[in-house]
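I opened this notebook to record what I looked up in one structure. The entries follow the order of my queries.

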Amino acid sequence: MNKTRLFKKSLLAVTISLATQQAMAAGFQLNAQSATGLGRAFAGDAVIADNAAVMSRNPAAMALFDKMELSLGFETITTNIKVKDATYTYFTGAGYNSVNADYSDAGGTSVAPNIHLIVPVNEQFAWGVNAYSNFGTRTDFGSNYAGGEYGGETEILSANFGVSGSYRVNDQWSVGAGLDLIYGQGTLKRSASKQLCPIIQAGGGNCNFTDIDKADGFGVGFNIGTVYELDENNRFGLSYRYSPTITAKDGDKEVKLPLPDMAEFSGYHRIDNTAFAVHYSVQYIGWSAFDKLEFKNQSIDVKPYEWKDGWHYSIGGTYFLNRDWTLRAGYMYDTSAQDKITSISVPDSDRQWLSAGFTYQIDDKSNFDFGFTYLMGKDVKVNETSKNKEQTLTLSSISGTTKADAILVGLQYSRSF
C-alpha cells in the first residue's frame with residue numbers, strides 16, 4: 001500500500017527546547033526563549049535588550065550591555081488540540097464503512113527551560129552562550145484512535161546550544177554573529193486502525209506502518225544581526241538565522257528534516273518624558289524550505305509537505321510603573337505554514353497571541369519576570385486519503401475540522417554581575 005499518505009505532519013522537525021514537547025506557533029516554530037518576551041508577545045525582542053535572552057533573537061544586541069548578564073527560566077506549555085466533526089471511512093473488503101473520528105485532546109502540558117549568558121569584554125566586544133529552542137511539536141492520539149494511520153504518536157525533543165559575539169562599531173551601530181549546534185530526538189509511530197488492520201493482514205501486509213523511536217542527530221546553523229541606536233530611547237534591530245537540514249537516525253532508519261531560515265526586524269521607542277514604551281516586530285519564516293521529508297530504509301522515500309513561507313506581526317507596550325515594577329502586554333498574529341496539504345496529526349492555522357507580564361526588581365542587580373499568553377488557533381478543514389500501492393484502491397480516508405489553542409506561562413530570573 002502507499003504509505004506516503006500514512007506519514008503525517010508529525011515528525012515535524014528535530015527541534016524542541018531541552019524538554020519542550022508542543023507546537024506553539026504556526027508550523028512547528030516554538031517561542032520559548034524568555035518569560036519576558038512571552039509577556040509582550042515577543043514584540044521588539046530583537047532589540048529591547050532588557051535581559052540576556054535578547055541574544056537568542058539578535059546577537060548584535062549583546063553590545064547594549066556593559067555588565068555580565070545571566071537569565072534563566074522556563075515556560076509551561078499547555079495545548080488543547082481537538083478534532084471535531086470528523087469521519088473515518090475504511091475499506092471492508094466488500095465496500096466501505098464509516099465511524100466517528102472525533103478526538104477531544106491530542107495535546108498536553110510540558111516544560112521548556114532556557115538559559116542565556118552575556119559577557120562584555122570591553123566597551124566594544126561581548127560574547128555569550130545560551131541553550132533554548134526555536135522549533136518543536138508533540139501530538140498523541142492514543143493507540144485506539146479511529147484513524148490510527150492519520151493520528152498516531154509524535155514526540156520531538158531537541159536543544160539549541162549557541163555561542164555568539166558582538167562588536168560595537170560606534171555610538172549608533174553594533175553587529176553580531178553566532179553559531180548554533182542543534183541536537184534533536186524524535187519519535188514517530190503510525191499503525192492502521194483496528195478496522196482496517198484485518199484487511200491489510202489478509203493481503204499480507206503489516207499494520208505497523210512506521211515505528212521510529214528516538215531517532216536523533218545534529219545540525220549546525222548560524223545567525224547574524226545588527227542594531228542601530230537613534231538615541232537612548234529609540235533603536236532598531238535586524239537579524240537573520242540560518243537553520244540546517246538535520247539527518248535523524250534510528251538504527252538503519254533515517255529521515256532528513258529541513259528547518260526554515262528566519263529574519264526579524266524590531267523597533268523600540270521610549271516615549272519622551274513618560275513611563276511608557278512601544279515596541280514591535282515583523283518576522284519572516286522560510287517554511288517553503290519544508291517541502292518534503294526524505295526517508296531512508298523506510299517504506300516510502302519522500303513525504304511531500306509543500307509548505308509556504310510564514311510571517312509574525314507583533315506589537316506591544318511596556319509601562320514602567322515604579323522602581324520595582326514594570327508591566328507589559330502584547331499581541332501577535334502569525335500565519336499558517338500549511339498550504340494545500342493539511343493534517344489531522346499536527347493541526348496548523350493562522351494564530352493570535354494575547355500576552356501580558358511583569359518584571360519585579362528584587363534589588364539593583366536582580367529581577368524576576370512573569371509572562372502569560374493565550375494562543376488562539378482557527379478551525380481548519382482537513383481531508384486525507386490512503387491508497388494501495390497501485391493507487392487503484394482507496395483503503396481509508398478521514399475528514400474533519402482541527403483546532404489548536406494553548407496557554408503559555410513563563411517564569412525567569414535575571415541578574416547582572
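I first fixed the terms for accessibility: a residue is buried under 20% relative accessible area, exposed over 50%, and partly exposed in between. I note that the model is predicted.

Entry on Asp291. I asked whether Asp291 is buried, exposed or partly exposed. Asp291 counts as partly exposed because its relative accessibility is 35%. I located Asp291 in the loop that joins strand S13 (276-285) to strand S14 (292-296). On the surface, Asp291 belongs to a patch of negative charge together with Glu294, Glu306 and Asp339.

Entry on backbone angles. Most residues other than glycine have a negative phi. I then looked up Ala41, which is not a glycine and yet has a positive phi of about 60°. Ala41 lies in the loop between helix H1 (35-38) and strand S1 (69-91). With 0% relative accessibility, Ala41 counts as buried. I also found a positive phi, near 60°, at Ala49. Ala49 is placed in the loop between H1 and S1. At 16% relative accessibility, Ala49 counts as buried, because the cut-off is under 20%.

Entry on the whole chain. I recorded two helices and 21 strands. Of the 417 residues in the chain, 56% are buried. The C-alpha trace spans about 80 × 40 × 30 Å along its principal axes. I compared the radius of gyration with the value for a compact globule: the chain has 23 Å, and a globule of 417 residues would have near 22 Å, so the two agree.

Conventions. Residues numbered from 1 in each chain as written. Predicted model: local features only at pLDDT ≥ 70, side-chain atom pairs only at ≥ 80, totals over all residues. Heavy atoms only, no water. Patch = residues over 30% accessible without salt bridge, like charges linked within 9 Å, V, L, I, M, F, W, Y side chains within 5 Å. Areas by Shrake-Rupley, 256 points an atom, 1.4 Å probe, with all protein chains shown as cover. Salt bridge = Lys/Arg side-chain N within 4 Å of Asp/Glu carboxyl O. Lys, Arg positive; Asp, Glu negative; His and termini not counted. Charge placed at Lys NZ, Arg CZ, Asp CG, Glu CD. Helix = DSSP H or I, 4+ residues; strand = E, 2+ residues; numbered from the N terminus. Buried < 20%, exposed > 50% of the residue type's maximum accessible area, 1.4 Å probe, protein only. Rg over C-alpha atoms; globule rule 2.2 N^0.38 Å.
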